[in-house]
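The following exercises concern a single protein chain. Each task is followed by a solution worked in steps.

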Amino acid sequence: MTTAVDLRALEARARDFRKTILQMITRAGSGHPGGSLSAIDLITVLYYHTMRHDPRNPAWPDRDRFVLSKGHACPALYVVLAACGYFPADHLWTLRAVGSILQGHPDMTRTPGVEISTGSLGMGFSAAIGMALAGKRDGRPYRVYALLGDGECQEGAVWEGAMFAAHYALDNLTAIVDRNGLQQTGPTEERIRLDPLADKWRACHWDVQEIDGHDLGAIVAALDRARATTGRPQVIVARTVKGKGVSFLEGVVGFHGKALTRDELARALAELDGVGAGR
Ligand SMILES: Cc1ncc(C[n+]2csc(CCOP(=O)(O)OP(=O)(O)O)c2C)c(N)n1
């Protein structure tokens with residue numbers, strides 16, 4: 001399956017998504033650019049390569065489920081859901097507006113394709129585990145994918161969930177940790193140390209892979225391997241860069257929850273278009 005993947009097409013999509021995400025957030029005047037850009041390559045591969053889903057039938061019982069446990073990065077989810085056809089793309093320009101179907105954190109009661117409301121860190125992961133357990137109990141073939149932030153992994157509920165999922169051998173569950181090294185106020189290792197993060201998951205009896213979370217081929221391969229793994233849940237620790245793709249956002253704590261100004265946006269879009277970069 002991996003050989004048939006058009007990585008260049010995925011790359012082009014992810015670049016367009018980055019541009020739209022930044023435009024949405026600037027238009028809204030608030031939002032989370034950094035963690036959206038670190039996650040967008042992962043979400044793009046999930047929806048365009050890995051997951052079995054049908055935008056015309058979001059309630060299909062056997063669809064694979066995606067849970068954005070780091071719910072604040074929802075612009076990255078919305079842009080992909082719109083591109084897949086879950087709702088018209090016009091809605092993207094109403095991000096965070098009163099009455100919009102696209103709120104500042106994912107709301108399952110408003111947005112087609114959102115499986116569970118998230119935003120309180122640690123809780124989406126628990127819901128994903130419940131979905132995976134239900135799938136097993138009901139004999140359904142679907143898989144569940146949960147995307148967590150690394151700062152989010154400081155939540156106690158994450159580790160209760162990790163132990164639970166392994167105990168119940170939920171091999172239909174794949175967690176992906178967006179290991180960008182930053183949280184809201186600084187580096188994760190300076191707030192509450194996470195390393196050795198992969199070993200912590202191993203100790204909880206998960207199948208563990210560590211990859212470059214911006215290498216689309218590596219993401220495809222890791223998700224393919226996860227799907228083929230039986231007997232235990234799988235985690236992919238994806239090394240990423242907060243703000244990836246725009247030089248003055250990359251690794252900058254200050255762009256965790258702040259919209260770009262119009263001028264900054266213009267510079268960012270020019271960079272992503274490759275203007276002056278010889279692309
Ligand atoms: C329970 C809870 N506490 C605090 C917050 C506020 N908050 C939103 S994002 C964030 C930082 C999360 O860091 P990380 O998971 O690493 O996300 P990323 O850096 O990828 O954006 C915090 C503390 C929250 N949403 N939920």
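Two strands are taken to pair if DSSP finds at least two bridges between them. The model treated here is predicted.

**Exercise 1. Determine which strands β3 and β5 are, how they are joined, and which residue of β5 stands opposite D178.**

Solution. Step one: locate the strands; β3 covers residues 173–179 and β5 covers residues 234–239. Step two: examine the connection; six bridges join these two strands, which run parallel. Because at least two bridges are required for pairing, the six bridges between β3 and β5 satisfy the criterion. Step three: find the partner of D178; A238 in β5 stands opposite this residue.

**Exercise 2. Establish the strand order of the sheet, its edges, and the helix α8 that packs on it.**

Solution. Step one: write down the order; the five strands follow one another as β1-β2-β3-β5-β4 in an open sheet with parallel pairing. Step two: identify the edges; β1 (65–68) and β4 (207–212) each pair on one side only. Step three: consider the twist; on average, neighbouring strands are turned by 20° against each other, direction ignored. Step four: place the helix; α8 (residues 216–227) packs on the sheet and touches β2 (144–149), β3, β4 and β5. The direction of α8 makes about 170° with that of β4.

**Exercise 3. Describe the overall arrangement of the chain, and explain whether its radius of gyration agrees or disagrees with that of a compact globule.**

Solution. Step one: count the elements; the protein has nine helices and five strands. Step two: read them along the sequence, which gives α-α-β-α-α-β-α-β-α-α-β-α-β-α. Step three: consider the extent; the C-alpha atoms fill a box of roughly 50 × 45 × 40 Å along the principal axes. Step four: apply the globule rule; for 279 residues a compact globule would have a radius of gyration near 19 Å, and the value for the protein is 18 Å, so the two agree.

**Exercise 4. State how many cavities of 30 Å³ or more are counted, and characterise their linings.**

Solution. Step one: the count comes to two cavities. Step two: take the largest cavity, which holds about 70 Å³ of space. Its lining includes Y47, M51, H53, D54, R63, D64, Y86 and E115. By class, the lining of the largest cavity divides into five nonpolar, three polar and four charged residues. Step three: turn to the second largest cavity, with a volume of about 40 Å³. Among the residues lining the second largest cavity are F66, V67, L68, L77, P106 and I116. The largest share of this lining, three residues, comes from β1. By class, the lining of the second largest cavity comprises seven nonpolar, two polar and one charged. Step four: compare the lists; F66, G113 and E115 appear in both linings.

**Exercise 5. Locate the cis peptide bond and the residue R96 with its phi value.**

Solution. Step one: the cis peptide bond joins D195 and P196, with omega of about 0°. P196 lies in the loop between α6 (188–191) and α7 (197–203). Step two: R96, a residue other than glycine, has a positive phi near 70°. R96 is found in the loop between α3 (74–84) and α4 (123–138).

Technical notes:
Residues are numbered from 1 along each chain as its sequence is written. This is a predicted model: local features need pLDDT of at least 70, side-chain atom pairs count only at pLDDT 80 or more; totals for chains, interfaces and linings use all residues. Side-chain values use heavy atoms; hydrogens and water are left out. Helices (H or I, at least four residues) and strands (E, at least two) are DSSP runs, numbered from the N terminus. Axes are lines fitted to C-alpha atoms, for helices over the stretch in contact, and angles run from 0 to 180 degrees between N-to-C directions. Contact means heavy atoms within 4.5 Å. On a 1 Å grid over the protein atoms alone, a cavity is a set of points where a 1.4 Å probe fits but cannot get out, and a pocket is an open set with protein on both sides within 12 Å along at least five of seven lines; lining residues have an atom within 4 Å of a point. Grid points are joined across faces, edges and corners, and a volume is the space filled by probe spheres set on the points. Ala, Val, Leu, Ile, Met, Phe, Trp, Tyr, Cys and Pro count as nonpolar, Asp, Glu, Lys and Arg as charged, and the others, Gly among them, as polar. The radius of gyration is taken over C-alpha atoms; the globule rule is 2.2 Å times the number of residues to the power 0.38.
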